Amino acid sequence: MVTETVNPLKITFRGPAKYFTDAIPIGNGRLGAMVWGGVASETLQLNENTLWTGIPGNYTNPDAPKALSEVRRLVDIGEYAEATASAVKLFGKPADVYQLLGDIKLEFGDSHLKYAEETYRRELDLNTATALVTYSVGDVEFTREHFSSNSDQVIVTKISGSKSGSTSFTVSVDSKLDHRSYVNGNSQIIMEGSCPGKRIPPKVTANDDTKGIQFSAILDIKISDSRGMVYAIEDKKLKVEGADWAVILLVASSSFDGPFTKPSDSKKDPTFESMSTLQLIRNLPYSDLYTRHLDTYQNLFHRVSLQLSRSPEGIMRDGSSITNICSKENDDAVSTAERVKSFQTDEDPSLVELLFQFGRYLLISCSRPGTQVANLQGIWNKDLEPKWVAAPHININLEMNYWPSLPCNLSECQGPLFDFLTSLSINGSKTAQVNYLARGWVAHHKTDIWAKSSADRGEVVWALWPMGGAWLCTHLWEHYSYTMDKDFLQNKAYPLLEGCASFLLDWLIEGHDGYFETNPSTSPEHNFITPDGKLACVSYSSTMDMAIIREVFSAIISAAEVLGRSEDALVEKVQKAQPRLRPTKIAQDGSIMEWAQEFEDAQVHHRHLSHLFGLFPGHTITAEQTPGLCKAAEKTLHKRGEEGPGWSTTWKTALWARLLNSEHAYRMVKRLINLVDPEHEKAFEGGLYSNLFAAHPPFQIDANFGFAAAIAEMLVQSTLNDLYLLPAVPRDKWPNGCVKGLRARGGVTVSICWKEGDLHEVGIWSKDDGSFKTLHYRGTSVTVNISSGRTYTFNGELKCMN
């Protein structure tokens with residue numbers, strides 16, 4: 001019999017990091033660090049999320065309309081390979097590149113090399129968002145604590161020893177970017193630098209006169225009052241000697257003043273702003289900084305708890321209900337990497353809990369109100385030339401980053417996405433007008449801090465995809481459907497939806513068979529074989545195009561109903577156009593067609609699931625309304641296979657969950673939880689690194705977020721009026737469980753407990769008065785009228801207990 005391990009929400013390590021993906025990520029939404037946990041020397045790799053190459057760009061091409069006409073002509077006559085070749089004329093400039101801030105380097109001296117390896121411990125506590133490193137040298141235990149505070153906008157490190165006067169080290173700050181650093185007074189280091197004004201890779205002519213984003217970081221040290229001293233050495237380093245403890249504060253700012261202000265025109269002084277931030281907090285005791293950090297972080301993180309177990313005792317040892325979930329006992333003997341490695345045999349449910357909560361932790365740590373959007377690596381990056389420039393990719397990756405924000409009760413973390421959409425719509429309206437002679441606004445497959453809206457450069461198969469803005473707009477209606485925030489719908493969402501729908505109406509053209517069509521059209525990153533045996537990607541009316549347009553049209557129609565604007569001329573045009581969108585079709589082999597014609601797949605096991613958008617994250621393919629398409633979607637998933645990068649694996653998990661197939665959803669969960677060796681990683685194989693970062697490989701953060709969203713989808717699914725309880729929970733793997741605090745559409749908060757595979761108890765709460773909800777569980781449906789502010793509890797037969 002397999003013994004179930006019991007672990008707290010901690011990611012643990014037995015030794016210092018050897019690779020970036022062994023290090024511990026901390027962040028406050030804007031400022032991030034990777035904690036390596038070295039002994040004699042330590043590195044904290046720093047990031048600030050506004051550090052990018054470049055300046056605001058012109059994302060228009062006056063020659064594009066002529067090129068567009070030629071591409072459309074070639075598509076119309078069935079010359080798809082030629083249309084693909086011609087489509088390069090629609091490219092814009094490449095996206096700019098996310099940069100790094102620098103490193104804090106700590107040197108503890110050779111005496112620390114004599115540490116006792118068995119005493120070493122490094123961990124990330126998700127409950128407190130704190131990284132901890134401890135080890136012993138002789139009879140002295142050394143401790144380092146690290147956290148990134150949102151409330152005070154500072155990265156805090158406390159270094160201490162168990163014996164008085166034992167804390168001594170040297171600290172410096174460095175960067176790969178152009179910079180200078182110098183000591184200020186006796187206890188500060190100031191680093192000032194700049195990002196390149198032009199991206200260098202791929203090679204373009206560098207212009208040293210182009211002023212890029214400027215930045216400043218200030219490191220401040222405070223030591224114990226009774227013992228120790230701090231002094232400068234070499235004008236660039238600080239040395240602490242003989243202290244009981246030392247607290248290091250790191251603040252940073254940049255001159256970035258929005259996507260439309262050139263760095264050369266910015267009035268922001270990064271050093272002044274950093275110093276102002278520091279002055280507010282430098283005299284606060286460590287305990288106050290830590291308490292303030294916990295208050296802001298735990299207000300978000302503690303909204304949701306999850307427990308999965310093979311035995312009822314693992315969930316409710318004392319017979320407690322969902323309002324009193326037991327805490328888990330600590331077990332530091334096994335590292336998280338070892339737990340990942342053994343998951344294929346032990347299938348420890350508590351590791352699923354940890355990975356679910358790690359996704360929530362990462363979203364809190366890299367996307368908070370007022371920050372930039374979470375990019376391809378969240379905020380954590382060690383390279384001047386990160387893979388895929390770490391830019392937000394909007395043909396799946398940026399969207400997946402925000403999938404967990406609503407069901408996992410972190411709606412505030414979506415704020416940066418909607419702020420970014422506003423900027424993107426401004427540039428996108430110029431691109432739409434000049435490039436496509438269309439109203440409204442458009443965005444393509446990749447963007448950056450400057451809200452790039454035009455097609456990228458590179459290969460047509462991924463660059464030419466004008467549906468990115470439309471996909472992002474589906475998040476607007478989803479936000480309303482979960483929060484029921486009418487002010488948001490009216491003031492933020494509706495204007496963006498209007499612009500998006502306007503573009504889509506102009507982008508659609510009359511087809512030969514009575515349907516509206518999109519031309520040119522691609523299915524993200526996937527080629528097909530033309531009837532004459534050529535490789536191509538450009539045709540017309542891909543299934544994903546139609547599914548996204550259908551979703552956006554439904555969203556603006558629904559929004560208009562809520563806001564009393566159903567008679568607006570634009571809405572009436574959308575209502576007339578919607579029935580004329582090409583329907584999703586089924587191929588001869590029973591799968592869903594990816595393109596309007598039944599082309600041969602260039603890669604049968606391609607990583608993207610674009611033609612299943614209508615199933616998830618969309619809502620046009622459902623078990624109740626379109627059972628035939630659901631059967632075809634299942635065939636499609638089998639045909640696509642289980643292989644793929646991390647984000648593809650988690651998308652498949654969510655798709656299987658929507659199909660109510662718990663067995664296959666769990667198979668994809670299990671597939672993701674495979675340990676990746678950084679020395680032998682293989683692209684497109686997915687998995688997890690030792691710090692639980694998800695792998696493409698290399699590291700790409702979207703799968704961490706996709707995993708949390710997919711687990712939520714296995715536990716609860718919803719419409720504005722319906723709640724489907726435990727729709728895809730693998731009862732043989734997780735026969736017992738409790739989840740508390742998930743959100744559902746219609747403004748409802750849901751908590752569920754189940755025992756021995758059967759529903760045990762459900763609690764629902766809503767802040768909106770008088771809403772009717774229908775609860776569904778295993779063929780039983782009950783409709784209830786929910787009053788605001790009251791928690792309703794139901795038993796396993798869906799009978800209200802209060």
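A disulfide is taken here as a pair of cysteine sulfur atoms within 2.5 Å. I am working from a predicted model, and I began with the cysteines.

**Entry 1. Cysteines**

I looked for sulfur pairs that meet the cut-off and found 1 disulfide. The bond joins C738 to C753, with the sulfurs 1.7 Å apart. I then checked where the two partners sit. C738 belongs to strand β25 (residues 736-744) and C753 to strand β26 (residues 748-755), so the bond ties together parts that are 15 residues apart in sequence. I also looked up the exposure of both. C738 is buried at 1% relative accessible area, and C753 is buried at 0%.

Next I took C195. Its closest cysteine sulfur is in C366, and the distance of 19 Å is too far for a bond. C195 is buried, with 3% relative accessible area. I went on to C413, which is in no disulfide; there the nearest cysteine sulfur is again that of C366, at 8.3 Å. C413 has 0% relative accessibility and counts as buried.

**Entry 2. The whole chain**

I noted the overall figures for the protein chain. I count 17 helices and 30 strands in it. Of its 802 residues, 63% are buried. The C-alpha trace spans about 85 × 70 × 50 Å along the principal axes. I compared the radius of gyration with the rule for a compact globule: for 802 residues the rule gives a value near 28 Å, and the chain has 27 Å, which agrees.

**Entry 3. The sheet of 7 strands**

I traced an open sheet of 7 strands with antiparallel pairing, in the order β2-β3-β4-β5-β10-β15-β14. Which strands stand at the edges? They are β2 (24-27) and β14 (229-233); each has a single partner strand, so one side of each is left without a neighbour in the sheet. From one strand to the next the twist averages 20 degrees.

I then followed β4 (residues 41-48) within this sheet. Strand β4 is mostly covered, with 6 of its 8 residues buried. With β3 (residues 31-35) it makes an antiparallel pair over 5 bridges. For this pair I wrote down two contacts across the strands: L31 stands opposite E48, and A33 has L46 as its bridge partner. The hairpin of β3 and β4 has 5 residues between the strands, and in this hairpin G37 takes a positive phi near 75 degrees.

Strand β4 also pairs with β5 (residues 102-107), in the antiparallel sense and over 6 bridges. Here I looked at L46 again, this time toward β5, where it stands opposite G102. L46 therefore has a partner noted in β3, A33, and one in β5, G102.

**Entry 4. The sheet of 9 strands**

I traced an open sheet of 9 strands, also with antiparallel pairing. Its order is β1-β6-β7-β8-β9-β16-β13-β12-β11. The edge strands are β1 (10-13) and β11 (178-184), each with a single partner strand, so one side of each has no neighbour in the sheet. The twist from one strand to the next averages 15 degrees.

I picked one pair inside this sheet. Strands β7 (residues 130-137) and β8 (residues 140-149) run antiparallel and share 7 bridges. Across this pair, Y135 of β7 stands opposite F142 of β8.

**Entry 5. Helix α8**

I checked how straight helix α8 (residues 415-436) is. The helix has 22 residues and reaches 30 Å from its first C-alpha to its last, close to the 32 Å expected at 1.5 Å a residue. Where does α8 bend, and by how much? I find a bend of about 25 degrees at N427. After the helix comes L437, and its phi is positive, near 50 degrees.

Note on methods
Residues numbered from 1 in each chain as written. Predicted model: local features only at pLDDT ≥ 70, side-chain atom pairs only at ≥ 80, totals over all residues. Heavy atoms only, no water. Buried < 20%, exposed > 50% of the residue type's maximum accessible area, 1.4 Å probe, protein only. Helix = DSSP H or I, 4+ residues; strand = E, 2+ residues; numbered from the N terminus. Pairing = 2+ DSSP bridges. Axes fitted to C-alpha atoms, helices over the stretch in contact; angles between N-to-C directions. Expected span 1.5 Å × (residues − 1). Bend = angle between axes of the 7 residues up to and from the residue. Rg over C-alpha atoms; globule rule 2.2 N^0.38 Å.
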